Amino acid sequence: MLTREQALAQYPGLGLLIGGSWETEGGRETLDVLNPATGQVIGACPVATEADIAKALEGAERGYQAWRRVAPVERAKVLRKVADTMRARTEELAGLVVLELGKPWVEALGEVEQAAGMWEWAAEEGRRAYGRVIPSREAGSRQMALREPLGPIAAFGSWNAPLITPSRKMAGALGAGCSIAMKASEEVPACALTIGRIAYECGLPEGVLSILVGDAVTISERLLDSPVIRGVTFTGSTQVGKILSQRAVGMMKRPIMELGGHAPVLVFDDVDVDAVAKAAAAAKFRNSGQVCTSATRFLVQRSIAERFTETMAEAAAKLVMGCGFDRSTTMGPLVSERRVSAIRDLVADARARGARIVTGGGEPERDGFFHEPTVIADVSLDAKVSNVEPFGPIAAITPFDTYEEAITIANRLPFGLAAYVQSNNVRILNRAIDDIQAGNVICNGWRVSLPETPFGGVKESGLLLEGGVEGLQAFQTVKFAYMA
Ligand code: NAD
């Protein structure tokens, strides 16, 4: 395990990775990068200029023409080497996650493994871009459906999974044979940039991957408006996802959108209440609740609601807030002051509407961007926290009486990313899988979004999928070929 001092000493000088060349000079403006556990500046990242964006686009076109002709089996070797290198450099990468985002060390180690797994999966699955031979209408001729890479991809990601999100996008696009120009999240740039540099060290041809940092609007408009780009993959809020999708579709570019959620958790009265409440607290406060699939709206059957609330609140109160490099820390900071003030606002609104703050609700007296793990009971459906994705350490508990009522509350929002159901009654689970409007329905568990499983949202939570076979197909197109 690295110490904070060791990680700080290793924190890399920041630059832009443009088609394989590492750009640090040139008098560009810079953006400060902060450690959220202290609020202190840990680095300054150059901001991409118009010329940098143009160079990334040129690289994407040139790189695509080269990479699409590399046999999938050879592409797989590069991608697998990236996975191996990431695993070999686990401590260094975990250190970047803890410095830039603040996650506890154990969570950061898990993030490295999952991100490496994305590269491994794309390496393996990229070799299986099978097409079909469709029986022809005339003897002596062939009808074929061939899978081809979609083309150069523009990518944008949020900060909350600083290795996993860029890895999904880079590995998915590269595994399918596309090139990719990506804007790294300005909060956590060293994570994406380091993976990008590893990819080139592992043999990625020049041009195929660029990683820019800078003004989101300028970079997205220049990339999307360029005829070079054929698809855009975005992970972030529904609001920004809509802006990017409209722009992309207006130019017939494919939008792949992984957007906001507000996951309901339906807890029925046949469960082991204490065990589920403790597991719910662990799931809820992972990454300080800054997870798009985070369990946020706890709908608990009335007869067990009080016991569930007390046990979950006890588990939340035992969490130790602090710097991710401290062994005792079980919950880190939020990424920025902006997130702390958003949570403060949700707590104040719930309180004003008569909800009960069972634990937490405040901010500790310390440097950095911390908010206490908070459990709120008797939350009304008109409270902001029942409607706006919190993306932070708040669990809102609302009792329900019947299955139908729980499903109606679960489905009442425009989001449909993840949902959780806790019950030992297989009939309830089966019905819930059918009735809940979400891209991911998890029964008696909390794990979503593995390299080999499809991941995406319905309703306003997204378009198309990442992960699994489906994730690779999002970066492919199908060509019909006929030969007589
Ligand atoms: P955000 O939408 O504000 O920002 C995401 C990224 O988009 C950032 O890199 C930002 O610089 C960029 N961006 C902002 N405005 C832009 C614009 N006009 N044009 C182009 N790019 C722009 O979201 P956030 O606050 O960084 O992340 C939190 C949100 O992301 C939550 O809603 C969360 O649910 C969602 N999220 C979704 C998933 C998923 O897979 N579905 C995963 C993680 C996070």
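Is Phe 400 buried or exposed in this predicted model? Let's work that out, then follow the rings and strands from there.

**Exercise 1. Classify Phe 400, Phe 268 and Tyr 403 by burial.**

Step 1. The cut-off you need: a residue is buried when its relative accessible area is under 20%.

Step 2. Phe 400 comes out at 0%, so Phe 400 is buried.

Step 3. Phe 268 has a relative accessible area of 2%, which makes it buried too.

Step 4. Tyr 403 sits at 10% and also counts as buried.

**Exercise 2. Work out the geometry of the ring pairs that involve Phe 268.**

Step 1. Know what to look at: an aromatic ring pair is described by how far apart the centres are and by the angle of the planes. Centres have to lie within 6.5 Å; planes under 30 degrees apart are stacked, and over 60 they are edge-to-face.

Step 2. The rule gives six aromatic pairs here. One of them joins Phe 268 and Phe 400, with 5.3 Å centre to centre and 70° between the planes, which is edge-to-face.

Step 3. Now place that pair. Phe 268 is in the loop between β12 (263-267) and α10 (273-285), while Phe 400 belongs to strand β16 (residues 394-400), so the contact ties together parts 132 residues apart in sequence.

Step 4. Next, Phe 268 with Tyr 403: the centres are 6.1 Å apart and the planes meet at 25°, so this pair is stacked. Tyr 403 is in helix α13 (residues 403-410), so here the loop between β12 and α10 is tied to a part 135 residues away in sequence.

Step 5. Put the pieces together: ring pairs link Phe 268, Phe 400 and Tyr 403 into a cluster.

**Exercise 3. Find the arginines that lie over tryptophan rings.**

Step 1. Take Arg 197: it lies over the face of Trp 22, 3.8 Å from the ring centre.

Step 2. Then take Arg 75, whose charged end sits over the ring of Trp 67 at 6.0 Å from the centre.

**Exercise 4. Lay out the sheet that contains β5.**

Step 1. Write down the order: β5-β6-β20, an open sheet of three strands with antiparallel pairing.

Step 2. Pick the edges. β5 (132-134) and β20 (476-483) each pair on one side only, so these are the edge strands.

Step 3. Add the twist, which averages 25° from one strand to the next.

Step 4. Zoom in on one pairing: β5 and β6 (residues 142-149) run antiparallel and are joined by three bridges. Across that pairing, Val 133 stands opposite Met 144 in β6.

Terms used:
Residues are numbered from 1 along each chain as its sequence is written. This is a predicted model: local features need pLDDT of at least 70, side-chain atom pairs count only at pLDDT 80 or more; totals for chains, interfaces and linings use all residues. Side-chain values use heavy atoms; hydrogens and water are left out. Two strands pair if DSSP finds at least two bridges between them. Helices (H or I, at least four residues) and strands (E, at least two) are DSSP runs, numbered from the N terminus. Axes are lines fitted to C-alpha atoms, for helices over the stretch in contact, and angles run from 0 to 180 degrees between N-to-C directions. Buried means under 20% relative accessible area, exposed over 50%, partly exposed in between (1.4 Å probe, protein chains only). A charge sits over a ring if NZ of Lys or CZ of Arg is within 6 Å of the ring centre and within 35 degrees of the ring normal.
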